Amino acid sequence: MDKVEPGRAPVYEMLEQYRAKGNLSYHVPGHKNGEAYRFSEGAGFLDEVMRYDVTEITGTDDLHHPEGVIQEAQELAADCFGAEMSFFLVGGSTAGNLALILTVCPEPGMTLILQRNVHKSVIHGLMLAGVRAVFVEPQIDPVSGLAVAPAAETVQAALAAYPEAAAVLVTMPNYYGMGSDLAPLALACHTRGVPLLVDEAHGAHYGQHPALPAGALMCGADGVVQSTHKMLAALTMGAMLHVQGPLLDRTLLRQRLAMVQSSSPSYPVMASLDLARRLVHSQRAGAFTAGLAAVDVLRRGLATLPRYGLLQPAQPLQPLGGGADAAAAGDTPPQGMAAYCTQDPFKAVIYDAAGVLGGFELQRRLEAEGIVPEMSDDRHVVLAFSLGSKAEDSQRLLDALRRIAAEAADCPEGASSGTSARLHPGEAEASASPSQNNSTWNIFTDALISKPVQFSLKPVNILQTESIRLEYSAGRTAAEIVIPYPPGIPLLYPGEKVTKDITTRLIGLRQGGTKFQACADPALQQIVVYNIKKGGDV
């Protein structure tokens with residue numbers, strides 16, 4: 001573009017013009033601008049959106065070979081989010097994660113370094129690409145027991161041990177909005193000549209307001225995936241992939257995106273990405289004023305409710321000597337520093353400081369009050385705010401919390417939580433060891449750096465497996481994927497050893513009412529493991 005016009009929304013404007021023309025449709029989709037539902041049940045719901053639901057015809061451009069409005073919209077997105085090139089994703093961040101892995105590992109058997117607590121889409125990407133995965137241990141916040149990202153020293157050690165690695169992939173921020181400085185990780189990667197890939201699904205808004213943490217691109221990441229529908233204002237499944245620097249093959253990346261995305265992408269989803277970008281691009285920090293005010297109402301209200309704790313990073317908020325400037329100078333954060341230094345203000349993570357109500361039970365009570373949180377774990381409840389949040393909504397939330405506190409005041413300690421792991425009064429801020437983890441994100445290994453794990457699409461041979469009670473699974477080898485959802489982080493994949501810690505964690509999640517995906521028994525009373533043969537598991 002010769003001149004950036006933040007107020008433009010090219011895809012949306014094209015769809016408005018298409019609708020206004022009233023042309024007769026002799027092309028797909030088959031609903032013919034919604035006419036198929038004109039006199040049917042559901043017409044009111046479908047009427048508006050189907051008028052904008054077009055396909056690749058003259059004037060609408062093509063996502064997989066953009067030359068017109070989609071190209072312009074993606075260029076505007078790159079300008080808004082600080083990328084050299086941006087791609088619209090209509091399959092969520094999943095499509096972006098898959099495409100990045102297939103790009104940096106174009107041949108089976110290539111090595112990728114990544115943290116173990118990744119979204120299921122990353123594990124699926126490892127399988128599709130036939131990757132040799134080297135898992136690195138994430139840092140654990142000692143107060144909350146939650147996992148964040150690997151330390152720069154761990155990444156450096158992994159790169160030294162596996163110099164053939166094609167890239168490093170990390171998740172930042174985590175589902176709880178916790179983050180650390182990515183600049184030292186980017187420096188470690190670039191020193192070795194490999195790209196840093198970041199699953200920034202929950203950080204699409206980062207860097208857009210002084211009160212928000214810096215985004216991954218600002219810290220030097222090469223490929224960044226963002227769920228624009230999560231923390232900004234796009235339709236569900238709307239996401240973006242941003243790239244910068246010379247370390248990613250962009251021609252190959254385009255091909256990989258075409259492989260993992262529909263050849264008939266949703267124009268309403270693309271238009272919503274366009275509009276979500278325009279909202280931030282044209283209003284900048286002002287777009288977040290109302291949402292941050294709503295967060296402030298909650299914070300001030302919680303200060304009057306000592307019953308509840310609010311997850312916050314230890315001081316200082318930024319690592320000593322950290323940041324992009326320090327990274328450029330070759331400094332890394334001191335060993336042993338806090339596992340995280342930034343907290344997304346739009347992710348309010350609360351817990352019962354009295355230790356009576358566990359996170360699952362607190363979520364259930366909030367839902368009974370008409371308040372629907374994003375997720376919970378054994379201890380915490382995650383409340384997701386956004387630029388669409390309002391102060392009056394926070395007040396309603398606070399009123400609900402007051403009623404819940406009053407109702408639980410006389411509840412015997414631990415009686416309402418529904419799980420076996422309980423906090424005692426006064427211990428809310430006590431340190432937690434890795435074996436006392438509180439989150440479905442916590443994956444603990446025997447070493448900071450794993451041996452390479454070969455992934456493939458080869459299905460598990462059912463004749464080599466058996467189903468056993470979860471309680472008896474410690475020491476066995478998993479023969480299925482087990483995914484608590486949300487947050488969608490596999491606790492086990494086929495071929496992974498089931499440790500005692502993982503068995504305990506799964507039992508606690510099951511008792512708390514967590515939903516599980518991918519496993520044969522969604523209630524997780526049973527788990528599929530490999531048969532025991534002479535000398536151990538298959």
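Student: Which strand is β12 joined to, and how many bridges are there?
Tutor: Strand β13, residues 380-384, is joined to β12 by 2 bridges, and the two run antiparallel. Keep in mind that this is a predicted model.

Student: OK, and what does S376 pair with in β13?
Tutor: Its bridge partner there is V381.

Student: What sheet are those strands in, and what's the order?
Tutor: An open sheet of 4 strands, ordered β9-β11-β13-β12, with antiparallel pairing.

Student: Why do β9 and β12 each have one side without a neighbour in the sheet?
Tutor: β9 (308-310) and β12 (375-376) stand at the edges with a single partner strand each, so one side of each has no neighbour in the sheet.

Student: Which helix packs on that sheet?
Tutor: Helix α13, residues 359-368. It touches β9, β11 (347-352), β12 and β13, and its direction makes about 45° with that of β13.

Student: Switching topic: how many strands are in the other open sheet, the one with β1 and β14?
Tutor: That one has 8 strands, in the order β1-β8-β7-β6-β4-β2-β3-β14, and the pairing is mixed. β1 and β14 (453-454) stand at the edges, each with a single partner strand, so each has one side left without a neighbour in the sheet.

Student: And what sits on top of it, which helix touches β1, β7 and β8?
Tutor: Helix α3, residues 69-81, packs on the sheet and touches β1, β7 (223-226) and β8. The direction of α3 makes about 115° with that of β1. Helix α9 (residues 250-260) lies across β1 and β8, running at about 5° to β1.

Student: How many of the residues of β1 are buried?
Tutor: 4 of its 5 residues (the strand covers 85-89) are buried, so β1 is largely enclosed by the rest of the structure. Across the protein, 55% of the 538 residues count as buried.

Student: How many bridges hold β1 to β8?
Tutor: 5, with β1 and β8 (residues 239-243) running antiparallel. One pair to look up is L89 with A239 in β8.

Student: What about the β14 end, how many bridges join it to β3?
Tutor: There, 2 bridges join β14 to β3 (residues 132-136), again antiparallel. A133 has V453 as its bridge partner in β14.

Student: Now the holes. What's the volume of the second largest pocket?
Tutor: About 580 Å³. It is lined by 31 residues, and the closest to its centre are H119, H202, S227, K230 and Y485.

Student: Which helix gives the largest share of that lining?
Tutor: α4, with 5 residues. α4 (92-104), α5 (120-129) and α8 (228-231) each supply at least two.

Student: How do the pocket residues divide into nonpolar, polar and charged?
Tutor: The lining has 13 nonpolar, 13 polar and 5 charged residues.

Student: How many cavities of 30 Å³ or more are there?
Tutor: A search of the whole structure finds 2. The second largest holds about 50 Å³ of space.

Student: What lines that second largest cavity?
Tutor: Its lining includes V295, L298, R299 and L302, along with K347, A348 and V349. α11 (289-302) gives the largest share, 4 residues, and both α11 and β11 supply at least two. By class, the lining is 8 nonpolar, 1 polar and 2 charged.

Student: Last one: how many helices and strands does the protein have?
Tutor: 15 helices and 20 strands. Among contacts between residues at least 6 apart in sequence, 75% join residues at least 24 apart.

How values were computed:
Residues numbered from 1 in each chain as written. Predicted model: local features only at pLDDT ≥ 70, side-chain atom pairs only at ≥ 80, totals over all residues. Heavy atoms only, no water. 1 Å grid on protein atoms, 1.4 Å probe; cavity = no way out; pocket = protein on both sides within 12 Å on 5 of 7 lines; lining within 4 Å. Points joined across faces, edges and corners; volume = space filled by probe spheres on them. Nonpolar A, V, L, I, M, F, W, Y, C, P; charged D, E, K, R; others polar. Pairing = 2+ DSSP bridges. Contact = heavy atoms within 4.5 Å. Axes fitted to C-alpha atoms, helices over the stretch in contact; angles between N-to-C directions. Buried < 20%, exposed > 50% of the residue type's maximum accessible area, 1.4 Å probe, protein only.
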